[in-house]
Amino acid sequence: MKITICSDIHDNIWKLADALPGMNDGDALIFCGDFCAPFTLAQLAEGFKGPIHTVFGNNDGDHLLLNKVAKKAGNVTMHGLFAGLELSGYRIAVVHYPEIAFGLAASEKYDLVCCGHDHTLHTERMGRTTIVNPGEVMGRFGRSTYTIMDTESGEVTVRVV
């Protein structure tokens with residue numbers, strides 16, 4: 001299975017539009033927080049063909065409307081501040097904050113831990129757990145990035161928009 005991992009769109013719908021065709025190389029999508037506005041979630045849900053799993057970031061203010069948009073879209077599951085998933089037998093934790101992600105990885109309960117928040121592309125192994133911060137879609141710091149994780153090979157591919 002291939003999982004697209006992205007974070008920190010911050011309403012840059014233009015970068016998101018550029019990223020979506022490549023994001024569809026994944027069978028499922030994990031979003032690590034900071035859509036900002038619900039219209040950004042609507043664009044992501046409309047543009048990605050598979051299931052989407054999301055957590056809230058610190059800039060996602062209108063949780064009620066984000067949940068309404070997710071329900072209407074039909075392919076989005078809003079998990080709140082933490083998501084514990086199993087996709088094709090792969091155990092995954094998703095949070096917004098890297099500090100929490102590293103603690104989850106240290107627990108060795110997960111094969112993959114995903115986070116965002118600091119807009120810094122970062123991938124590493126901690127024991128048998130892969131930690132992925134896909135960077136930022138918004139491109140505030142010059143590069144707009146997301147990643148695709150292949151659960152069979154364990155390979156994480158960085159995509160630059």
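Is E108 buried, exposed or partly exposed? In this predicted model, E108 is partly exposed, with a relative accessible area of 45%. The residue sits in the loop between α4 and β7, and its phi is positive, about 60 degrees, although E108 is not a glycine.

**Loop residues**

D34 also deserves a look. This residue lies in the loop between β2 and α2 and has a positive phi of about 75 degrees, although it is not a glycine. D34 is buried, because its relative accessible area of 1% is under 20%.

G26 is found in the loop between α1 (13-23) and β2 (28-31). G26 is buried, with a relative accessible area of 1%. Leaving aside residues up to four places away in sequence, G26 touches K2, T4, F48, K49 and I148. From G26 to D62 there are 36 residues in sequence and 28 Å in space, C-alpha to C-alpha.

Here are the three loop residues side by side.

| Residue | Loop | Relative accessible area |
|---|---|---|
| G26 | between α1 and β2 | 1%, buried |
| D34 | between β2 and α2 | 1%, buried |
| E108 | between α4 and β7 | 45%, partly exposed |

**The sheet and helix α4**

Now to the strands. An open sheet is built from five strands in the order β5-β6-β7-β9-β8, with mixed pairing. Its edge strands are β5 (83-87) and β8 (121-126), each pairing on one side only. From one strand to the next, the twist averages 20 degrees.

Within this sheet, strand β7 (residues 112-114) and strand β9 (residues 129-134) run parallel and are joined by three bridges. If you would like a spot to zoom in on, C114 stands opposite V132 in β9. Helix α4 (residues 98-106) packs on the sheet, where it touches β6 (90-94), β7, β8 and β9. The direction of α4 makes about 20 degrees with that of β8.

**The α2 and α3 pair**

How do the axes of helix α2 (residues 38-47) and helix α3 (residues 63-73) cross? They come within 9 Å and cross at roughly 20 degrees. That angle is under 35 degrees, so α2 and α3 are roughly parallel to each other. The crossing of α2 past α3 is right-handed.

On the α2 side, the contact is made by P38, L41, A42 and A45, and on the α3 side by L65, L66, V69, A70 and A73. By class, this contact has nine nonpolar residues, no polar residues and no charged residues.

Conventions: Residues are numbered from 1 along each chain as its sequence is written. This is a predicted model: local features need pLDDT of at least 70, side-chain atom pairs count only at pLDDT 80 or more; totals for chains, interfaces and linings use all residues. Side-chain values use heavy atoms; hydrogens and water are left out. Two strands pair if DSSP finds at least two bridges between them. Helices (H or I, at least four residues) and strands (E, at least two) are DSSP runs, numbered from the N terminus. Axes are lines fitted to C-alpha atoms, for helices over the stretch in contact, and angles run from 0 to 180 degrees between N-to-C directions. Contact means heavy atoms within 4.5 Å. Angles under 35 degrees count as roughly parallel, over 145 as roughly antiparallel, 65 to 115 as roughly perpendicular and the rest as oblique. A crossing is left-handed if the near helix is turned anticlockwise from the far one by less than a right angle, and right-handed if clockwise. Ala, Val, Leu, Ile, Met, Phe, Trp, Tyr, Cys and Pro count as nonpolar, Asp, Glu, Lys and Arg as charged, and the others, Gly among them, as polar. Buried means under 20% relative accessible area, exposed over 50%, partly exposed in between (1.4 Å probe, protein chains only).
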